[in-house]
Amino acid sequence: MSQPNPIPSKTLWQQMAKSAVSLSLFTLVGVGLLLGIRFITAEPIAIAQKQTILDTFNQVMPPENYNNDPLLDTKQIIAPEFLGTSEPVTLYRVRKDGQPTGVILQTIAPDGYSGDIHILMGVLADGRIAGVRVLEHKETPGLGDKIEIKKSQWIRTFDGRNLRDENAPRWRVRKDGGDFDQFTGATITPRAVVKAVRNTLDYLNQHRDALYD
């Protein structure tokens, strides 16, 4: 019985080389397509991400208050006793026709009922609060989550307020003798937020002359 003729080694190597070249070309084409797609979509994605950040900023700082790009006008500050974190915090400066009109920054309430409460604040150059929003928290649903703007209007009670010697004792929840409402069954959460906002205002008041350097 005749045996099948083996493929000559030279032909085998040629076939392997041809397959390797085809695979390499396929890989190069695939990589090229991915890079091309990334190049085409990178700018729109970056623009969308920037707009998302600015939309969030505009919740705490009215857009008519500035015409600069706050993402390009920043300063790093470290103040753990005031801002609730030992990490550097980015201060976004807003200006109108070159004149300082306010700042936007994140602060943390480290003593929430269920942990850290991350807060975004917009503060005008004269020290008044333009807006406050809670960005992240783990507070109890139906109780502590009323700090969210979509759950209640409580967070708007900070709008227009400032911190002065004469009103400093009133920067507490009503249960502690202050001006801010607490929530039924959840005093710890609003107490933590009020304290964090007050501490942040205290820092900004003490360093007002250096904020726009």
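**A five-stranded sheet and a helix**

In strand 3, the bridge partner of Arg95 is Pro100. Strands here are DSSP runs of E with at least two residues, and helices are runs of H or I with at least four; both are numbered from the N terminus. This is a predicted model, where local features need pLDDT of at least 70, side-chain atom pairs count only at pLDDT 80 or more, and totals for chains, interfaces and linings use all residues. Residues are numbered from 1 along each chain as its sequence is written, and side-chain values use heavy atoms, with hydrogens and water left out.

Stay with this pair of strands. Strand 2 covers residues 89-96 and strand 3 covers residues 99-112. They pair in the antiparallel sense over 5 bridges; pairing requires at least two bridges found by DSSP. Arg93 faces Val103 in strand 3. The hairpin between the two strands has 2 residues, and Asp97 takes a positive phi near 55° there.

Now follow strand 3 onward. A hairpin of 2 residues leads to strand 4. Strand 4 spans residues 115-124 and runs antiparallel to strand 3, with 9 bridges joining them. Gln106 has Leu120 in strand 4 as its bridge partner.

Step back to the whole sheet. It is open, with 5 strands in the order 1-2-3-4-5 and antiparallel pairing. Strand 1 (74-77) and strand 5 (129-136) are at the edges with a single partner strand each, so one side of each has no neighbour in the sheet. Neighbouring strands are turned by 25° against each other on average, direction ignored.

Finally, the helix. Helix 3 (residues 188-206) lies across strands 1, 2, 3, 4 and 5, at about 140° to strand 3. Contact means heavy atoms within 4.5 Å. Angles run from 0 to 180 degrees between N-to-C directions, using axes fitted to C-alpha atoms, for helices over the stretch in contact.
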